[in-house]
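Welcome, and please open the model in your viewer. We will take it one selection at a time.

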There are 2 protein chains.
Amino acid sequence: IPYEELDCVINGEYTVGCRREGDDVYLPFSFISKYFEVYGKLVQNGDDTRFEWSHSYSHVYVPDGTYSPTGIFMSFEHYNVEKRDRVKCISAIEGVPISTQWGAHGYYYPIQIAQYGLSHFSKFLTEKPRSSIVIEDAEDDRAADQWAVVGQRGTVSSVIDRHRNTHVIEFDTSDSIHNPGIVHQLENIIFGFLFFDIRFENNGSVTVAMEMKGRPNRLFYLHYICSENVLAVSEDNVYYGIGLRRTWGRVTRDLMVDAQKGIMMQLGKKFRGSRLVPLRVISVSVRGHGWIDNITFASSAHLEQMYDAADWFVRHQDNKGGWPIMVTRKLALGRLELPPGWYSAMAQGQAISLLVRAYDRTKIRAYLDCALRATKIYNIPSSEGGVRAMFADKYPWYEEYPTVPSSFVLNGFIYSLIGLYDLKTVAPPEEARDTESLYSTGISSLKALLPLFDTGSGSVYDLRHFTLAMSPNLARWDYHTTHINQLLLLSTIEDDPVFEAVANRWIGYMKGKRAAHN
Amino acid sequence: IPYEELDCVINGEYTVGCRREGDDVYLPFSFISKYFEVYGKLVQNGDDTRFEWSHSYSHVYVPDGTYSPTGIFMSFEHYNVEKRDRVKCISAIEGVPISTQWGAHGYYYPIQIAQYGLSHFSKFLTEKPRSSIVIEDAEDDRAADQWAVVGQRGTVSSVIDRHRNTHVIEFDTSDSIHNPGIVHQLENIIFGFLFFDIRFENNGSVTVAMEMKGRPNRLFYLHYICSENVLAVSEDNVYYGIGLRRTWGRVTRDLMVDAQKGIMMQLGKKFRGSRLVPLRVISVSVRGHGWIDNITFASSAHLEQMYDAADWFVRHQDNKGGWPIMVTRKLALGRLELPPGWYSAMAQGQAISLLVRAYDRTKIRAYLDCALRATKIYNIPSSEGGVRAMFADKYPWYEEYPTVPSSFVLNGFIYSLIGLYDLKTVAPPEEARDTESLYSTGISSLKALLPLFDTGSGSVYDLRHFTLAMSPNLARWDYHTTHINQLLLLSTIEDDPVFEAVANRWIGYMKGKRAAHN
Ligand SMILES: [Ca+2]
Ligand SMILES: [Ca+2]
């Protein structure tokens, strides 16, 4: 093809090298992609190469049926909360993630905890059944024979636990972490999830020894110790506090996440997860004086993880019905700030969605009662420490970030509404009147204000531009798709066709379509 | 580097032929320009050819000083209202344009009339002084000698007009249009504007004969006749009604516009203005019994045109202080409709801006009184036939199109505010209290709601998406620049830096900049 180089002057400001073929001008994708923020790559398919242009990078999940408050939560089966860099680790004291997103020290972030629970519940409903192997339930006469007292002296036996009405393994040896302890050797355990029930008389620990791939292969130790200290690391030893454990309780662990978070703590951002390839579990060992039962390795532990999250909410709900967030949150380049102790309507809503599902499966009232109490904060104005904002003194809005002035974050508001929907649907009607009213008020506000989030080529994340008279805060594509996924969910439970219409228009924006200009 | 053809798949939907040079991919501008609606052209400069890329097509006028209510109106000196296709003609009865934009029959559209006046006033202030030649003021003893009675019999003489205390030409001949009349031959008149003072006893007409370029050159006649019929055409004769004219009045005409509009009426869209090239004015002739004075050819007639417009507003103001618009206006694909008789805050505001300038130059109270009365409609809600809308029951807004539900057109609102500003600045303070209050209320609403017009890559024309829960109505680039020009004007009269900040951000959008995403 005959062609020549040609300078292209962009808006009179700078020059880009182009190509010319007769009257046709060709512009380099390197310029186009930066100027318009679009994506593209050369794709080889056999002998054929083509260039694939994408206006956006994320994925819309079109619901395949009516949303159910007791089913999969949106498309959360695709979430991997605990893998995120901003999750410091899964606390073995609480069984829930600890966030470092806005505080490097780590804090419990109820939204993250609820999403952890909801994602595992959704994975439970969508994945094929798990495989598992119980390596110890102490019911066999010779159960204690599998345990070897190594290093310092000690005893091990199978005994009846009267409270739980089952046999358990009692062990008694030095609680020193330097004591190899009483060891249960294992073979061919390739499952990455472990859970067990445990109680200690005073102090002690449980250690899982794993073989990791390397040159040569190396041993790696996960220690679960009686401590309120969440996480510590020393070379190939990672220490997770499990609290005091003076009463029976279950510990559920994702061993690879535990290993990865430990190494990440040592190496920081230098860590590449791929460097850690587990080969097998070598042994489980115990120290101190205590009792253990139902030691199980499994290919997943979604329900256990979900209940760990739901139980956290029951345990930590305060007398206002909320879960105060103990970290400073700054928005809008610092022009908005929430000092520690704020509530989030999104946290309340996501917690409710989780608690409703826990209640539905167990019929344990504590979950339902907790969810019902969680709605109280929806009624408290942001200016009084709650989450309720008003747009133009007219439209109530439940705030993900209850700043003053308000920020009107869209996705958090919709999550708060989904929680209300879940609860009003599952709770006995006479107990759900306030929930019902909060929901219908919120839906009305959403219908009224949704157009203000539509830029004609995408969506805005919030309305800070309105409250702070600043530049609009455009939603990046993954938030834009969250908006769409949420609207598609609402379209299956609300009669108004506006939700589907907006969702479809917004899907078009992801392919470069735009609203018409006059 | 080898250069080869390459298929590019756009969002998985269709394929565009591209070019590849190693790892560099080049896309055709024909695709880019359509996909993103950007502009570009090859520009030859000597031996050098380059491609000029433009994100937008219109021009921002940065004000070079503080806006003055008695000076140039925005950048209206660049407007050519009467040249627009949607202007049927300049009525010779009223001296103002007649619109066909939303009604093919033609109607008086106060916004267009005010813009006609304001543009001519602004041109008057910015153009160099005009040239003119008075071909008849009847003050010369031999004045009547210049007139020849042609065709049917008649008389012509110079007489004193007692009311006006000046000599005028009295003429008396048949008023038939077939009568060649009493003719004043002219030489070397190349000015395109004509005005004269005239009074008829009963019936009559004034005809201007022009030579137009052609093969061969041809004669062309503009007839100004005593008639309420605005415009008629027959081959090379164009007939403009000038009303009855039983009392003295001035007729001011742009001869080329009169010729063009006449031919456009005959030929419709086939007409190309370039086909009509005037060479010279041949003669002025009169018919019937009447008096004429001050026949003047000029290179422009801006002030005369401006006062024609201002006087129209004084003459046609109704008892509510408004100028009802007698045409149906549909918006939002027919979902909003204004039946004939609606008022427009933009019309009121632009009229006020014009009247204030007319008052400032003349000190004629009628102009000021008319402007003050025009503010009354700002207080009447749209639902009661006025122009006042409320955003979310909180922010008053003066509507260009007072639809129910409201449309919140931005540029019309700001024009309505500029009118108020002009009036409150020029009127005696004790008469301007309501105006002042309407203005400050409006500015507060504007500051509050302006962010809602910001899409992060352009602006919306109105807020119909909010009131009708529909797709946003993006402003095309010329409306976007009107927004910017208006904000820059406000930035010179209001202390709040927000107007300049928004204007500068919006200027950036015209060069492809975008608001940040999160
Ligand atoms: Ca047991
Ligand atoms: Ca005279």
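To begin, select A:Glu139: does this residue count as buried, partly exposed or exposed, and at what relative accessibility? A:Glu139 has 36% relative accessibility, so it counts as partly exposed. Keep in mind along the way that this is a predicted model.

Now add the calcium ion (ligand 1) to your selection. Its donors are A:Asp137 (O), A:Glu139 (OE), A:Thr166 (OG1), A:His167 (O) and, with two OD entries, A:Asp293, at 2.3 to 2.7 Å. Along the chain these donors follow the spacing D-x1-E-x26-T-H-x125-D. Show the backbone too: A:Glu139 sits in the loop between strand E8 (132-136) and strand E9 (147-149) of chain A, while A:Thr166 belongs to strand E11 (residues 166-173), so this pair ties together parts 27 residues apart in sequence. Click on A:Thr166 next; its relative accessibility is 16%, so it counts as buried. If you check the angles, the six donor atoms subtend 50 to 156 degrees, which makes the arrangement irregular.

Next stop: the interface. Select the 72 residues of chain B and the 70 residues of chain A that make the contact. About 6300 Å² is buried between the two chains, with carbon and sulfur atoms giving 57%. Highlight B:Tyr3, B:Trp53 and B:Asn518, which supply 12% of the area that chain B buries against chain A, more than any other three residues.

Finally, turn to the polar pairs. Ten salt bridges are counted between chain B and chain A. One to display is A:Lys513 with B:Glu13, whose closest N and O atoms are 3.8 Å apart. Then colour E1(B), which gives the largest share of chain B's side of the contact with chain A, seven residues.

Definitions and conventions: Residues numbered from 1 in each chain as written. Chains lettered and ligands numbered in written order. Predicted model: local features only at pLDDT ≥ 70, side-chain atom pairs only at ≥ 80, totals over all residues. Heavy atoms only, no water. Donors = N, O, S within 2.8 Å, 3.2 Å for Na, K, Ca; no water. Tetrahedral: all angles 85-135°; square planar, octahedral: opposite > 155°, others 65-115°. Helix = DSSP H or I, 4+ residues; strand = E, 2+ residues; numbered from the N terminus. Buried < 20%, exposed > 50% of the residue type's maximum accessible area, 1.4 Å probe, protein only. Contact = heavy atoms within 4.5 Å. Buried area = accessible area lost by both parts, 1.4 Å probe. Salt bridge = Lys/Arg side-chain N within 4 Å of Asp/Glu carboxyl O.
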